[in-house]
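Student: I would like to check some labels on this structure against their cut-offs. Shall we take them one by one?
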Amino acid sequence: MRQDGLLVSNSTFTSRPGAVGEPPEHYGNPFGEQRLLAEGQSVVELADRAVITITGPDRLTWLDSLTSQALSGLQPGESAETLLLSPNGRIEHAMRVIDDSETLWLLVDGSQRQALAAWLDRMRFMLRVEIADRSDDFLTIGSFGDLAIPVAESHGFPLVWSDSWAAVTRGGHQYSSAENHPGASWNYRESLVAIDADLSGHAASGSLAFEALRIAAWRPHFSSEVDDRSIPHELDWMRSAVHLNKGCYRGQETVAKVHNLGHPPRRLVMLHLDGSEGALPAPGAEVSLGEKVVGTVTASARHFELGPIALAIVKRGVDAAETLAVASDVGEIAAAQEVIVPPDAGAEANVPRLPRLGAVKR
């Protein structure tokens, strides 16, 4: 059962000692839960997830033609990530994809569930595909490493999506110039289990633990980082979800133009926050440089090693060396930038500029 796109929490988690929230945000020890989750010793309930399936012989080539990732060659049991873009390149949906030889499984945020399923159903035309919403049949469990979770199977394949964020995928591109990318050790996966599965034998971490680890790994998430203006370049999402040489798809022209000739108008940045006041900015909090608002916080958390951190979208031209200020309930919080997408990202074609007509040559 779901309410407002959220699955009603599995009692295995809500009945645990110390559980706070439904689904639980933590169980009384957020920092300890982060460590356990990062070390592959616990699981996290992801009640904000939904599941859509595509069956039929045309499923892979059809979704390949609509979205940003190369999917036509996806092998049974393999994972991928793809984006559905608007005609002008804005991100409309994000999908985590598994194929089992007969069915394509789309793991999506619950807020996307109805709109995405309806859009895909309208786009079937005469192709041999069928769309179904399977969200009420499964619970999505997040984990790191290889835990013995009671994973559901389909056609002999476990329904486990393995995140490729640890490295640039084939056909992708990374704008970050970090020598040691924090996502390099990101061995995250999402598993589908039966809605009534007994997970009492597994240690649990709350959603706050997962969010802190995600922010620290610079991992974009649709429900947090995407707004109605977002393009993949701004979030460094071309690292895992865009294939630059796959051929035509909706929004491809914008992706190619910005990547080869232009610059993304905004950029994702991680902020190290002054923790002296003990406050965290809420999603949507304004980010300022002096008197000028230059961006917005998308997510924030307290990390067990890094302290208070946040992800924010800021204007491309903001000097990466500047200390910013973030609005909060206790006043402005000083924030040092850690660059994810550099201000000069894009223009990868390095096309030489032609002189203006009539310009004097020197």
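Tutor: Start with the lining of the largest cavity in this predicted model. By class, eight of its residues are nonpolar, one is polar and eight are charged.

Student: What makes a lining residue count as charged?

Tutor: Asp, Glu, Lys and Arg count as charged. Of the 17 lining residues, those closest to the cavity centre are Arg96, Glu190, Arg219, Pro220 and His221. Arg96, Glu190 and Arg219 therefore fall in the charged class, Pro220 is nonpolar and His221 is polar.

Student: Which elements give two or more residues to that lining?

Tutor: Strand E6 (91-99), E13 and H5 do.

Student: Why is this space called a cavity?

Tutor: A 1.4 Å probe fits there but cannot get out, so the term is cavity. The count comes to one cavity of 30 Å³ or more. The largest cavity has a volume of about 130 Å³.

Student: And what makes a pocket something else?

Tutor: A pocket is an open set of points, with protein on both sides within 12 Å along at least five of seven lines. The largest pocket here has a volume of about 590 Å³. Its lining takes in 21 residues, and Asp48, Ser207, Glu211, His221 and Ser224 lie nearest its centre.

Student: Where does the largest share of that lining come from?

Tutor: From H5, with four residues. Helix H5 (207-216), helix H6 (222-225) and strand E17 (292-303) are the elements that give two or more residues. By class, the pocket lining divides into eight nonpolar, seven polar and six charged residues.

Student: Now Trp237. Why is Trp237 called buried?

Tutor: Trp237 has a relative accessible area of 1%. The cut-off for buried is under 20%, so Trp237 qualifies. Trp237 sits in the loop between H6 and H7.

Student: How do you know that the side chains of Trp237 and Glu81 make a polar contact?

Tutor: Their polar contact is 3.1 Å. The limit for an N or O pair is 3.5 Å, so the distance passes. Along the chain, Trp237 and Glu81 are 156 residues apart, and their C-alpha atoms are separated by 9.9 Å.

Student: Which other residues does Trp237 touch, beyond its sequence neighbours?

Tutor: Leaving aside neighbours within four places, the contacts of Trp237 include Leu83, Ile91, Arg219, Pro220 and His221. Arg219, Pro220 and His221 are also among the residues closest to the centre of the largest cavity.

Student: Is Ser176 buried or exposed?

Tutor: Buried. Its relative accessibility is 6%, and the cut-off is under 20%. Ser176 lies in the loop between strand E12 (160-162) and strand E13 (188-194). A polar atom of its side chain is 3.2 Å from the backbone nitrogen of Ala178. Beyond neighbours within four places, Ser176 is in contact with His181, Trp218, Asp236, Ile340 and Pro342.

Student: Last, the helices. Which residues of helix H7 (residues 252-260) are buried?

Tutor: Thr254, Val255, Val258 and His259.

Student: How do you know that they line one face?

Tutor: Down the axis of H7, the buried residues fall within an arc of 120°, so they line one face. They pack against strand E5 (79-85).

Student: What about helix H4 (residues 113-122)?

Tutor: Its buried residues are Arg113, Leu116, Ala117, Trp119 and Leu120. Their arc is within 165°, so they too line one face of the helix. The face turned away from the buried side of H4 carries Gln114 and Arg122, both exposed. For exposed, the cut-off is over 50%.

Notes. Residues are numbered from 1 along each chain as its sequence is written. This is a predicted model: local features need pLDDT of at least 70, side-chain atom pairs count only at pLDDT 80 or more; totals for chains, interfaces and linings use all residues. Side-chain values use heavy atoms; hydrogens and water are left out. Buried means under 20% relative accessible area, exposed over 50%, partly exposed in between (1.4 Å probe, protein chains only). The arc is that of the directions from the helix axis to the C-beta atoms. Contact means heavy atoms within 4.5 Å. On a 1 Å grid over the protein atoms alone, a cavity is a set of points where a 1.4 Å probe fits but cannot get out, and a pocket is an open set with protein on both sides within 12 Å along at least five of seven lines; lining residues have an atom within 4 Å of a point. Grid points are joined across faces, edges and corners, and a volume is the space filled by probe spheres set on the points. A polar contact is a pair of N or O atoms within 3.5 Å; within protein, one must be able to donate a hydrogen and the other to accept it, and residues adjacent in sequence count only if both atoms are side-chain atoms.
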